[in-house]
Amino acid sequence: MSFLQLTENDNSQMYIKHGWHTGYFMVGDDMIEVTHFMLDTNFKTGYGKFEDGQYYYRWDEQQGAGNPDKDKLLADGYKRAFEAPMYIKGKGNYVWQRFSQNEAQAFDDAMSKAWQSKPATGDQVPVFEYTGSKKVQAGQSKGFVPLIEFVKWQERPAEFVNMSLDTGGQKDENNLPPE
């Protein structure tokens with residue numbers, strides 16, 4: 001066992017994405033098999049961009065509330081973004097954090113369907129089924145959009161850690177690119 005545990009991975013907070021070019025969920029450069037997953041309802045919405053090898057995010061003060069500096073953010077190259085804790089049984093906890101328009105649309109559609117039947121009480125989380133991906137044309141590029149269906153609300157399993165969503169200052173509004 002490593003003293004600093006810098007090379008060990010317990011899946012406690014890994015970033016996951018749906019690959020535009022691959023059509024699969026990915027952790028780093030590795031495809032990860034996903035059929036069902038849960039999302040925490042304590043997610044963030046905001047704006048994000050990638051510049052000079054670094055990700056930058058500006059989170060909304062309230063989910064989906066937007067930002068009064070929206071026009072400036074868009075002019076500076078930011079796109080609408082989200083960050084949600086995700087749990088995949090048998091694989092662990094992940095953070096799905098993206099500013100891809102197609103992923104954001106899939107996330108928004110799935111969460112909107114789940115919200116229609118959100119329980120009033122209890123620590124329940126929505127369960128989703130990933131049914132694959134669909135190839136689409138976006139401008140000059142072709143890629144894949146995740147197909148996600150809301151299944152049900154379920155009690156949060158003990159293994160689904162309610163992560164703080166604190167990115168340690170490396171990818172948030174405290175780490176803005178120079179003006």
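Reader: Which residue lies over the face of Phe160, and at what distance from the ring centre?

Author: Arg156 lies over that face, 4.7 Å from the ring centre of Phe160. Please keep in mind that the model is predicted. A comparable arrangement is found at Trp115, where Lys118 lies over the face of the ring at 5.4 Å from its centre.

Reader: How many aromatic pairs does the structure hold?

Author: There are 18 aromatic pairs in the structure. To classify a pair, one looks at the angle between the ring planes: over 60 degrees the pair is edge-to-face, and under 30 degrees the pair is stacked. The rings of Phe43 and Trp115 serve as one case: their planes stand at 80 degrees and their centres are 6.1 Å apart, so this pair is edge-to-face.

Reader: Where in the chain do Phe43 and Trp115 lie?

Author: Phe43 belongs to the loop between strand S4 (36-39) and strand S5 (44-51), whereas Trp115 belongs to helix H2 (residues 101-115). The two residues are 72 residues apart, and their pair links distant parts of the chain.

Reader: Is Phe43 buried or exposed?

Author: The limit for a buried residue is a relative accessible area under 20%. Phe43 has a relative accessibility of 10% and therefore counts as buried. Its partner Trp115, at 35% relative accessibility, counts as partly exposed.

Reader: What kind of pair do the rings of Tyr87 and Phe160 form?

Author: Their planes are at 20 degrees and their centres 5.6 Å apart, so Tyr87 and Phe160 form a stacked pair. Tyr87 lies in strand S7 (residues 79-88) and Phe160 in the segment after strand S10 (141-155), so the pair ties together parts of the chain that are 73 residues apart in sequence. Both Tyr87 and Phe160 are buried.

Reader: Which residues form one aromatic cluster?

Author: Phe43 and Trp115 reappear here, for they are among the members of one aromatic cluster. The cluster also includes Phe25, Phe37, Phe82, Trp96, Phe107, Phe128, Tyr130, Phe150 and Trp153.

Reader: Which residues of the largest nonpolar core touch the most other members?

Author: When reading a core, one may ask which residues have many neighbours within it, and which elements supply them. This core has 26 residues, and those that touch the most other members are Ile16, Phe37, Leu39, Met86, Trp96 and Phe128. Among the elements that give two or more residues to this core are strand S1 (14-18), strand S2 (25-27), strand S8 (92-98) and strand S9 (124-138). Helix H2 provides the largest share, with 6 residues.

Reader: What does Phe37 touch, leaving aside residues up to four places away in sequence?

Author: With that exclusion, Phe37 touches Met86, Tyr87, Ile88, Trp96, Pro126, Val127, Phe128, Tyr130 and Ile148. Two of these, Tyr87 and Val127, are included in a second, separate core of 5 residues, as are Val125 and Phe160.

Reader: In what sense do S4 and S9 pair?

Author: In a regular strand, side chains alternate between the two faces of the sheet. For a pair of strands, one also reads direction and partners. S4 and S9 pair in the antiparallel sense over 3 bridges, and His36 has Glu129 of S9 as its bridge partner. S4 and S7 also run antiparallel and are joined by 2 bridges. Across from Met38 stands Tyr87 in S7.

Reader: Where is Gly23 placed?

Author: Gly23 is placed in the loop between S1 and S2. At 5% relative accessibility, this glycine counts as buried. Beyond residues up to four places away in sequence, Gly23 touches His18, Tyr130, Ser133 and Phe144. The C-alpha atoms of Gly23 and Leu147 are 9.9 Å from each other, although 124 residues separate them along the chain.

Reader: What is the phi of Asp52?

Author: Asp52 has a positive phi of about 50 degrees, although it is not a glycine. This residue sits in the loop between S5 and strand S6 (54-59). With a relative accessible area of 73%, Asp52 is exposed.

Reader: How many helices and strands are there in the chain?

Author: The chain has 2 helices and 10 strands, which follow the pattern β-β-β-β-β-β-α-β-β-α-β-β along the sequence. Of its 179 residues, 40% are buried. Among contacts with a separation of 6 or more, 65% are between residues 24 or more positions apart.

Key: Residues numbered from 1 in each chain as written. Predicted model: local features only at pLDDT ≥ 70, side-chain atom pairs only at ≥ 80, totals over all residues. Heavy atoms only, no water. Phe/Tyr/Trp six-rings, centres within 6.5 Å; stacked < 30°, edge-to-face > 60°. Helix = DSSP H or I, 4+ residues; strand = E, 2+ residues; numbered from the N terminus. Buried < 20%, exposed > 50% of the residue type's maximum accessible area, 1.4 Å probe, protein only. Lys NZ or Arg CZ within 6 Å of the ring centre and 35° of its normal. Core = buried A, V, L, I, M, F, W, Y, C linked by side-chain atoms within 4.5 Å. Contact = heavy atoms within 4.5 Å. Pairing = 2+ DSSP bridges.
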